Amino acid sequence: MRPKLLVLLAALLAGGCVEDEADNLLKQKYPAGSPGVAVAVVRDGSVLYSRTFGLAEVEHRVPVASDTMFDVASASKQFTAFALFNLIAQGQVQLDDSIDSYVTNIFPAAAGKGITIRHLLGHTSGIRDYVWAITMAGRRFDDIHTVDDVHRYLRREKGLGRAP
């Protein structure tokens, strides 16, 4: 995102009246016929700004809607790592903490195997990718899978793919 847009969205959080300017910048970045985006600014559970721009499906010209589901996939990894490093900086979590003390009943095959937060962040835990678990459950990857579905697939795992 452009720095000016980030400033405008931050101004929305602070209670500024910049919706029109934010709309104009987003319309320029995500024109009607291009791949799109859904943007929301939320503070204390209240939606301060919510708009959609561009297309969710370019080939069939389907616009992004407020209920469009986006497959964030690997795009969320850096945010998870950032959040964990904030917790580490605050002394609430340690890189070498066992995941057993944080995650229960999701990865029974991983329990007691010495998997640490460091392993998870470095993709060296030995826990199989959830895509593999979905496939082994007889489902297609491009089907819609809820977090509960993925947890159910992972709970069925009989072991790790490799040692951490």
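Visitor: How much area does the chain expose, and what share of it do carbon and sulfur atoms supply?

Guide: Accessible areas come from the Shrake-Rupley method with a 1.4 Å probe, and for residues only the protein chains shown count as cover. Here the chain exposes about 10,900 Å², and 56% of that is supplied by carbon and sulfur atoms. Before going on, note that this is a predicted model, in which local features need pLDDT of at least 70, side-chain atom pairs count only at pLDDT 80 or more, and totals for chains, interfaces and linings use all residues. Residues are numbered from 1 along each chain as its sequence is written, and side-chain values use heavy atoms, with hydrogens and water left out.

Visitor: How many helices and strands are there in the chain?

Guide: Helices (H or I, at least four residues) and strands (E, at least two) are DSSP runs, numbered from the N terminus. The chain has six helices and four strands. Read from the N terminus, their order is α-α-β-β-β-β-α-α-α-α.

Visitor: What radius of gyration does the chain have, and what would a compact globule of 164 residues have?

Guide: The radius is taken over C-alpha atoms, and the globule rule is 2.2 Å times the number of residues to the power 0.38. For 164 residues a compact globule would come near 15 Å, but this chain has 20 Å. Along the principal axes, the C-alpha atoms fill a box of roughly 55 × 45 × 25 Å.

Visitor: What percentage of the residues count as buried?

Guide: Buried means under 20% relative accessible area, exposed over 50%, and partly exposed in between (1.4 Å probe, protein chains only). Of the 164 residues, 25% count as buried.

Visitor: Which residues form the largest nonpolar core?

Guide: In soluble globular proteins, nonpolar side chains tend to be buried together. A nonpolar core is a set of buried Ala, Val, Leu, Ile, Met, Phe, Trp, Tyr and Cys residues joined through side-chain atoms within 4.5 Å. In this chain the largest one has eight residues: A22, L26, Y30, V37, V39, V41, Y49 and F53. At least two of them come from each of α2 (19-29), β1 (37-43) and β2 (46-53). Strand β1 gives the largest share, three residues. Apart from this core lies another, of five residues, including A133, I134, Y153 and L154.

Visitor: Which residues does V37 touch?

Guide: Contact means heavy atoms within 4.5 Å. Not counting residues up to four places away in sequence, V37 touches Y30, R51, T52, F53, V64 and F70. A65, in the loop between β4 and α3, is 28 residues from V37 in sequence, and their C-alpha atoms are 8.9 Å apart. A65 is partly exposed, at 30% relative accessible area.

Visitor: Is V39 buried or exposed?

Guide: V39, in strand β1, is buried, with a relative accessible area of 7%. Its C-alpha atom is separated by 24 Å from that of N86, 47 residues away along the chain.

Visitor: What share of the contacts join residues far apart in sequence, at 24 or more positions?

Guide: Among contacts with a separation of 6 or more, 42% are between residues 24 or more positions apart. L121, in helix α4, offers a case to look at. Leaving out residues up to four places away in sequence, L121 touches A81, L84, F85 and L95. The C-alpha atoms of L121 and T80 are 8.9 Å apart, with their positions 41 residues apart along the chain. L121 is partly exposed, at 26%.

Visitor: Where is E157, and which residues is E157 in contact with?

Guide: E157 is in the segment after α6 (147-155). E157 counts as buried because its relative accessibility is 15%. Beyond its neighbours within four places in sequence, E157 is in contact with A109, R128, W132 and A133.

Visitor: What is the phi of R61?

Guide: Most residues other than glycine have a negative phi. R61 is not a glycine, yet has a positive phi of about 60°. R61 is in the loop between β3 (55-57) and β4 (62-63), and counts as exposed at 54% relative accessibility. H123 also has a positive phi, near 55°. H123 lies in the loop between α4 (117-121) and α5 (130-136).
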